[in-house]
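Open your viewer and get ready to make a few selections. We will go stop by stop, with something to look at each time.

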Amino acid sequence: MKVQKTSLAVLVLALSASLAGCGSSTETTVENKETKGQQLMDLKEALDTGAITQEEYEELRERVLD
């Protein structure tokens with residue numbers, strides 16, 4: 001029984017050590033699950049509220065539509 005607990009403790013420590021570096025990457029990937037329609041509505045709202053300029057709106061709108 002003592003051997004099993006020791007083995008389990010070693011396994012947990014090894015897994016913890018291997019997972020510790022998981023968040024160290026400077027690159028992140030984000031899946032964008034918004035539809036084009038939702039993105040366009042969000043852009044329009046940003047334009048209407050003054051969060052982006054008309055020029056930024058048009059550029060971002062073209063990116064969404066491409």
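## A tour of two helices and their salt bridges

Start by selecting Asp48, which is exposed at a relative accessible area of 54%. Keep in mind as you go that this is a predicted model.

Now add Lys44 to the selection. Which residue does Lys44 form a salt bridge with? Its partner is Asp48, and the closest N and O atoms are 3.0 Å apart. The two residues, Lys44 and Asp48, sit 4 residues apart in helix α2, so about one helical turn separates them. Lys44 is partly exposed, with a relative accessible area of 38%.

Next, widen the view. Select residues 36-48 for helix α2 and residues 54-65 for helix α3. Two packed helices are described by the angle between their axes and the distance between the axes. Here the axes of α2 and α3 come within 10 Å and cross at roughly 180°. An angle over 145 degrees counts as roughly antiparallel, so α2 is roughly antiparallel to α3.

To see where the helices touch, show side chains on both sides:

- From α2, pick Lys36, Gln39, Leu40, Leu43, Lys44 and Leu47.
- From α3, pick Gln54, Tyr57, Leu60, Arg61, Val64 and Leu65.

Try colouring this contact by residue class: the residues where α2 meets α3 divide into 7 nonpolar, 2 polar and 3 charged. Lys44, our earlier stop, is one of the α2 residues in this contact, and Lys44 also takes part in the salt bridge with Asp48.

Stay with α3 and select Glu59 and Arg63. The side chains of this pair meet in a salt bridge, 2.7 Å from N to O. Glu59 and Arg63 both lie in helix α3, 4 residues apart, about one turn of the helix. Are these two buried or exposed? Arg63 counts as exposed at 57% relative accessibility, while Glu59 counts as partly exposed at 43%.

For the last selection, take Arg61 and Glu62. Their side chains also meet in a salt bridge, at 3.8 Å from N to O. Arg61 is partly exposed, with a relative accessible area of 33%, and Glu62 is partly exposed too, at 41%. Arg61 should look familiar, as it is among the α3 residues that meet α2.

How many salt bridges does the structure hold? There are 3, and you have now visited Lys44 with Asp48, Arg63 with Glu59, and Glu62 with Arg61.

Definitions and conventions: Residues numbered from 1 in each chain as written. Predicted model: local features only at pLDDT ≥ 70, side-chain atom pairs only at ≥ 80, totals over all residues. Heavy atoms only, no water. Axes fitted to C-alpha atoms, helices over the stretch in contact; angles between N-to-C directions. Parallel < 35°, antiparallel > 145°, perpendicular 65-115°, else oblique. Contact = heavy atoms within 4.5 Å. Nonpolar A, V, L, I, M, F, W, Y, C, P; charged D, E, K, R; others polar. Salt bridge = Lys/Arg side-chain N within 4 Å of Asp/Glu carboxyl O. Buried < 20%, exposed > 50% of the residue type's maximum accessible area, 1.4 Å probe, protein only.
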